[in-house]
Amino acid sequence: VDSLEAMGVKAGTIGRDGMYVEGTRRIPGGVKVESRGDHRIAMSMAILGLFAEACAEVRNVDCVATSYPGFWDHLALLSVGGK
């Protein structure tokens, strides 16, 4: 939730383990987001960053190798239209 809000997305918690995200057409970006060593946060914020109006920096991303070692190479292909 903290990362989504930092990126300009309305989100919040529901109970102990739940969350909600409000849809939006505008992702401002332009922020630094901390993954906190969680590969899921690192990857989801990197993908969200592709749609942001301004560059976003995701910090502490070495954790991504835990579940998807080729993620950054694949993301690079998406960010340039697969060319």
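These are my notebook entries on a predicted model.

**Ground rules**

I number residues from 1 along each chain as its sequence is written, and in this predicted model I ask for pLDDT of at least 70 for local features and 80 or more for side-chain atom pairs, while totals for chains, interfaces and linings use all residues. My side-chain values use heavy atoms, with hydrogens and water left out.

**Entry 1: helix α2**

I began with α2, residues 39-50. I take helices (H or I, at least four residues) and strands (E, at least two) as DSSP runs, numbered from the N terminus. I checked the length of α2. The expected span of a helix is 1.5 Å times one less than its number of residues. For the 12 residues of α2 that gives 16 Å, and the end C-alpha atoms are 17 Å apart, which agrees.

Which residues of α2 are buried? I found A42, M43, M45, A46 and L48. My cut-offs are under 20% relative accessible area for buried, over 50% for exposed, and partly exposed in between (1.4 Å probe, protein chains only). An α-helix has 3.6 residues a turn, so residues three or four places apart point the same way. I then looked up the cover over the buried residues of α2. It includes α1 (2-6), β3, β4 and α3. Contact here means heavy atoms within 4.5 Å.

**Entry 2: a nonpolar patch**

L50 belongs to α2. I class L50 as partly exposed, because its relative accessibility is 34%. L50 joins I47, F51 and L78 in a nonpolar surface patch. Together the four have about 410 Å² of accessible area. Patch residues have over 30% relative accessible area and no salt bridge; like charges are joined within 9 Å, nonpolar side chains (Val, Leu, Ile, Met, Phe, Trp, Tyr) within 5 Å. The areas come from the Shrake-Rupley method with a 1.4 Å probe, and for residues only the protein chains shown count as cover.

**Entry 3: S35 and R36, before α2**

Both sit in the loop between β3 and α2: S35 and R36. Is S35 buried or exposed? S35 is buried, at 0% relative accessible area. R36 is exposed, at 58%.

I listed the contacts of S35, leaving aside neighbours within four places in sequence. They are I41, A42, V58, R59, N60, V61 and C63. A polar atom of the S35 side chain lies 3.1 Å from the backbone oxygen of R59.

R36 has a phi near 60°, a positive value in a residue other than glycine. I found a second such case at N60, with a positive phi of about 60°. N60 lies in the loop between β4 (57-59) and α3 (71-79). N60 is partly exposed, at 42%.

**Entry 4: salt bridges**

How many salt bridges does the whole structure hold? My search finds four. I count a side-chain nitrogen of Lys or Arg within 4 Å of a carboxyl oxygen of Asp or Glu. Side chains of opposite charge can pair when their charged atoms come close.

One of the four joins R36 and D2, 2.9 Å from N to O. R36 is in the loop between β3 and α2 and D2 is in helix α1, so the pair ties together parts 34 residues apart in sequence. D2 is partly exposed, at 46%.

Another joins E53 and R26, at 3.1 Å from N to O. E53 lies in the loop between α2 and β4, and R26 in the loop between β2 (18-21) and β3, so this pair ties together parts 27 residues apart in sequence. R26 is partly exposed, at 47%.

I also noted E57 with R59, at 3.4 Å from N to O. E57 is partly exposed, at 38%. R59 is partly exposed too, at 36%.

**Entry 5: E53 again**

I went back to E53. E53 is exposed, at 52% relative accessibility. What does E53 touch, leaving aside its neighbours within four places in sequence? It is in contact with R26, I27 and P28. The E53 and R26 side chains also make a polar contact of 3.1 Å. A polar contact is a pair of N or O atoms within 3.5 Å; within protein, one must be able to donate a hydrogen and the other to accept it, and residues adjacent in sequence count only if both atoms are side-chain atoms. Last, I looked up E53 against M7. They are 46 residues apart in sequence and 10 Å apart in space, C-alpha to C-alpha.
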